Amino acid sequence: MARLEGKVAIITGAASGFGEGMAKRFAEEGAKVIVADLNAKGAERVAAEIGEAALPVTADVSMKADVDAMVDAAMQAHGRLDIMINNAGYTHRNTSLMEVDEETFDLIGAVNMKAIYHSTLAVVPVMEKLGGGSIITTASTAGLRPRPGLTWYNASKGWAITATKSMAVELAPKNIRVNCLCPVAGETGMLGQFMGEDTPEKRAQFRSSIPLGRLSTPLDIANAALWLASSEAEFITGVALEVDGGRCI
C-alpha cells in the first residue's frame, strides 16, 4: 500500500519549489492533494501535472477567509483532512537589518507566522473529529543557525520552530502531531533573495558551508515531509527536522 493511501493533504505554496515537490511526492504515495497558492496559474499547472488526485486552490495564506475557504475546498472535495503543510513563505533580500522596510517586515510576519495561526484554527477542529492528523511547517535552518543579512526572516522561522514545539505539546491529547522542517537554502524561487544575488560565486559560497556539498532540492524536502506525514512517524511530534546536508552541525 502507498504510504499516504486514503489521506488528504493541503500544501500551501505548492505552485513551485518545495511545495510543488511535496504535492507531487504525496500524490505518488496515494494522497489527495490540495495544491494551494497565491499564484493561481502555477497551482493549476502543478495540479494538472499531478492529475485527478490534485485540486488547485487560489489562496493568500495571510488572509483568514482564504485559509478557511482552502480548508472548506478540501472538505467539500474529499470529506476529510489528514495533513496540513504550512509551506508558503516570504523573505526579504539578504541585506542589513536596518534596510528592510516596514511593509516587507509585515508581509514576512503575515506569511511566515500569522498564516500558521490561521491554518491551525481552521484545521484542528476537523482533525480532532477525525481522531487525529499531522501539521507540518516549512521552517528553515535560518531559525536554528541565523546568519547576518536575513535577520527578520531568521526571526520569523525561529518563531515557527517555537510555535511547532508548543503546538505539539498542546495538541498531543487530540492525537494531532506537529512538526517542522528546517531546510538549508535550496533550488527555489527565493534562492536569489537569500543570497542577495544569484551568481556562481554566491552559490559556491553557500555550498561551501554545507558539509555534503550541495544545496537542498524539492525532492529532499518532499521526502522528509512524506516521512513526517506518514504512519512511520506516528510517535514523532515537536521535532524541527534539519534537512540541510549537515549545515547546522
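**The second largest pocket**

Begin with the second largest pocket of this predicted model, which has a volume of about 320 Å³. Select Lys-7, Gly-133, Arg-177, Ala-229 and Ser-231, which lie nearest the centre of this pocket among the 17 residues that line it. Coloured by class, the lining shows 7 charged, 6 polar and 4 nonpolar residues.

**The largest pocket**

Next, turn to the largest pocket, with a volume of about 690 Å³. Its lining comprises 36 residues, and those to select for its centre are Asn-87, Ala-88, Gly-89, Tyr-90 and Met-190, the closest to that point. Then display the elements α1 (17-28), β2 (32-37), α4 (102-130) and α5 (151-171), each of which gives two or more residues to the lining of the largest pocket. The most comes from α1, with 3 residues. By class, the lining of the largest pocket divides into 19 nonpolar, 13 polar and 4 charged residues.

**The cavity**

The structure holds 1 cavity of 30 Å³ or more, and about 80 Å³ of space lies within it. To find this cavity, select Asn-86, Ala-88, Val-111, Asn-112 and Ile-116, the closest to its centre of the 13 residues in its lining. At least two lining residues are supplied by each of α4, β5 (133-138) and α5. Helix α4 has the largest share, 4 residues. The cavity lining is made up of 6 nonpolar, 6 polar and 1 charged residues.

**The aromatic pair**

Keep α4 and α5 on display and add the side chains of Phe-105 and Trp-152. The structure has 1 aromatic pair, formed by Phe-105 and Trp-152 in an edge-to-face arrangement, with 5.6 Å from centre to centre and 80° between the planes. Phe-105 belongs to helix α4 and Trp-152 to helix α5, so this pair links distant parts of the chain, 47 residues apart. Phe-105 counts as partly exposed, at 41% relative accessibility. Trp-152 also counts as partly exposed, at 30%.

**The salt bridges**

Across the whole structure there are 11 salt bridges. Select Glu-232 and Arg-3, which form one of them, with their closest N and O atoms 3.0 Å apart. Because Glu-232 lies in the loop between α8 (218-229) and β7 (240-243) while Arg-3 lies in the segment before β1 (8-12), the pair ties together parts that are 229 residues apart in sequence. Glu-232 is partly exposed, with a relative accessible area of 47%, and Arg-3 is partly exposed as well, with 31%.

Return to helix α1 and select Glu-20 and Lys-24, whose side chains meet in a salt bridge of 2.7 Å, N to O. These two residues are 4 residues apart in helix α1, so about one helical turn separates them. Is Glu-20 buried or exposed? Glu-20 counts as buried because its relative accessibility is 14%, under the 20% limit. Lys-24, by contrast, is partly exposed, with a relative accessible area of 27%. Add Arg-45 and Glu-49 to the selection: with Glu-20 and Lys-24 they are linked in a network of salt bridges.

For the last stop, select Asp-82 and Arg-80, a salt bridge in which the closest N and O atoms are 2.7 Å apart. Asp-82 counts as buried, at 6% relative accessibility, whereas Arg-80 counts as partly exposed, at 27%.

Note on methods
Residues numbered from 1 in each chain as written. Predicted model: local features only at pLDDT ≥ 70, side-chain atom pairs only at ≥ 80, totals over all residues. Heavy atoms only, no water. 1 Å grid on protein atoms, 1.4 Å probe; cavity = no way out; pocket = protein on both sides within 12 Å on 5 of 7 lines; lining within 4 Å. Points joined across faces, edges and corners; volume = space filled by probe spheres on them. Nonpolar A, V, L, I, M, F, W, Y, C, P; charged D, E, K, R; others polar. Phe/Tyr/Trp six-rings, centres within 6.5 Å; stacked < 30°, edge-to-face > 60°. Buried < 20%, exposed > 50% of the residue type's maximum accessible area, 1.4 Å probe, protein only. Salt bridge = Lys/Arg side-chain N within 4 Å of Asp/Glu carboxyl O.
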